[in-house]
Each structure stands twice: as structure tokens, then as C-alpha cells.
Amino acid sequence: MPKKAAGKASGKGGKGKGKDNDTQDVSFQMRKVRVEVAKFCTELRIPPELDLEKLFNTKIYDALIENSGKMIFQGDRPGKAGVQALSCVLRETCPVYVSIRSLFFWRTEVGDEGVASICENCLEKGKNESHSWPGFVHLELLDVRMSALGCQSLSRSLRENIPLRNLVIDHNAIGDEGATHLAEGLRGNSELAFLSMAYCQIGPAGGVVVGEEIVRCTKIKQLKLRGNRIMARGLTAISLNLGKSESLQQLDLSDNSILSDLHAVNAFCEALRTNVSLESIDFEHNVVGPDATSLIAETLQMCPNIKSFKACGQVGVLSFRQED
């Protein structure tokens, strides 16, 4: 007997036909998938020796059998052209035949062209309520050789208030320009809740944009900026806008070359006393010095909403956890 996609049964004792989607035969779904995979691999002239047809068919089949709604790629494949083919396949098969909701690309070459294809063919499909499909809600582009140009594509999609909830673009050299593009796209976006731009070569100017645009004007709940170089200037800009944020709950500013600048730390502490939404802050690997560390420690005693704060100073490690 052919396998069927996982789903809830209906009727007494779990018997009955249930919804059409719950009982849809995976072999029927895969017939459509194989046709689309073959078509786009041919149209985009994917070299047969890459064996991408088998890769895509296997990944989609596994997602159907496991009912996971996700696809993960890492390593040499699928490559730029392969990502374009995959995005076209998902455009034609989601959500009627396949209900993919999350895409993960880890240390594989997607490039700016691949990101543009993902945005156009996948992210901008939006939701489909008739099939109870939330759309593409999670996208990870970890070290995929994306530049600020790729951020332009993401910005255009985000501007359309797509249903994307989580976006990870760590270890891509997007710089201040890329951060600016993303900030522009997020101005009217009310969906994205998690944004990670760790190790993205964002400097002080990008830190200012993050503060004035993303912290102040978006609905982001979790913001991760680990491993950049926003320095004291970026910290000051973020601090001046933290008090205006009512949604930000977790903030990661670790390893950002924030040194002993008491003016910036004072602004940061003032922001902590003003903000009422923050619950967790990671400030590790910024050598702010003993005076600044003491000031932060004193400030945290006045911030009942902050449950966790981690930092390293010249006097040692400050690890603060508020008791419930």
C-alpha cells in the first residue's frame, strides 16, 4: 500500500475519511512534484551529473512523510541554479501538493540571485487559508554568500508584509548597506518577530540604522547582532530608541567592539530603566571596564522586567538573572 501523509483522523474512534488534505496519497502528490522538478531542472539547464532531481524529490518526499513542513540544505548542493529551480518547484506545488513552511540553507552557495528567486517564488506567495497553509514563515540563510544586493530582494518582500516570522542571515557580508535595506523593508512589516544578523560586518553606521529603524519602528521581538562592530556609536543609537520599543524582548549585542565609553553605557543604562518589554540581554565579549560594569549591575536592580543579562567586563563576568 502507498504511504500517506501524516494527518488527524476524524469521526468516532479516529475512524472516517477526515479532510482531503489529511488523507491525500503521497504517491499522488509526488507525481506532480516529479513533473515540476524535471521541468524546471530542464528549463534552467541543470547539469544531470549534479543529480538535483533526485535530491529535490527525496527532500520533498521526506517532508511529506514526516509532515515536517521543512527542507534543509547544506554543503555543495543545490548551488545557485539549483536554488532557482527549487524555488520554482515550490511556487508551483505549495500548498496544494506540498506544505513546506520552513527553508534552511546552511553554508551552501545561494548567492544574491538565489535569494531573489526565493523571495519572488516562495516568500511572496503569502498565506493560503483555504489549505490552512501559513505560507513560508521561517527562512535561514546561514553563510550563503549573500551581499547587500540580496538584502534588497528581502527588503522588497518584507515591504509587502509577507507572513515570514523568522529570518536568519548570519555570516553573510551584508555590511551597513544590507542592514539599511532590511530596515527599509521592515518599516511597514508587522509579521517578522525574529531577526538574526550575526557576524554580518555591520559597523557603527549600521548600528545607528538598527537603532533608529529596526528597534524603534518594528514589531521585532528577538534581535541578534552578535559578532558585528556597532561599537559605542551603534550602542548609543540603539539605546536612544529602546525606550520607544514595546515589542523587543530579547537583544543580543555580544562581541560588538563596545569598549569603555561611559557616555554610551550611560545611555544604555537609561534605556534599560525606561524600556518595559526587554527580558533577556546578551552583552558578552564587550570589554566596557569596571566602572561601566558596576553601573550596569546597579541599573539591573531597577529593571524588574529583565530576567537575564550576560556581560564580560575587565572586573570579570557579570551574569544577572532576576528571580521570579
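The exchange below goes through salt bridges and one helix in a predicted model.

Visitor: What makes lysine 39 and glutamate 36 a salt bridge?
Guide: Their side chains meet at 3.2 Å, N to O. The cut-off is within 4 Å, so the pair counts. Both residues sit in helix α2, three residues apart, which means about one helical turn separates them.

Visitor: Why is glutamate 36 called buried or exposed?
Guide: Glutamate 36 has 5% relative accessibility. Buried means under 20%, so glutamate 36 is buried. Lysine 39 has a relative accessible area of 34% and is partly exposed.

Visitor: How do you know that glutamate 113 and lysine 80 form a salt bridge?
Guide: The N to O distance is 3.9 Å. That falls within 4 Å, so the pair qualifies. Glutamate 113 lies in helix α5 and lysine 80 in helix α4, so the bridge ties together parts 33 residues apart in sequence. Glutamate 113 is partly exposed at 42% relative accessibility, and lysine 80 is partly exposed at 32%.

Visitor: What makes arginine 273 and glutamate 270 a salt bridge?
Guide: Their closest N and O atoms are 2.8 Å apart. The limit is 4 Å, so this pair also counts. Both lie in helix α10, three residues apart.

Visitor: How does the span of helix α3 compare with the expected one?
Guide: Helix α3 has 15 residues and reaches 21 Å from its first C-alpha to its last. At 1.5 Å a residue, 21 Å is expected, and the helix is close to that.

Visitor: What do the buried residues of α3 pack against?
Guide: They pack against α2, β1 and α4. Among these buried residues are Leu52, Phe56 and Ile60.

Notes:
Residues numbered from 1 in each chain as written. Predicted model: local features only at pLDDT ≥ 70, side-chain atom pairs only at ≥ 80, totals over all residues. Heavy atoms only, no water. Helix = DSSP H or I, 4+ residues; strand = E, 2+ residues; numbered from the N terminus. Expected span 1.5 Å × (residues − 1). Buried < 20%, exposed > 50% of the residue type's maximum accessible area, 1.4 Å probe, protein only. Contact = heavy atoms within 4.5 Å.
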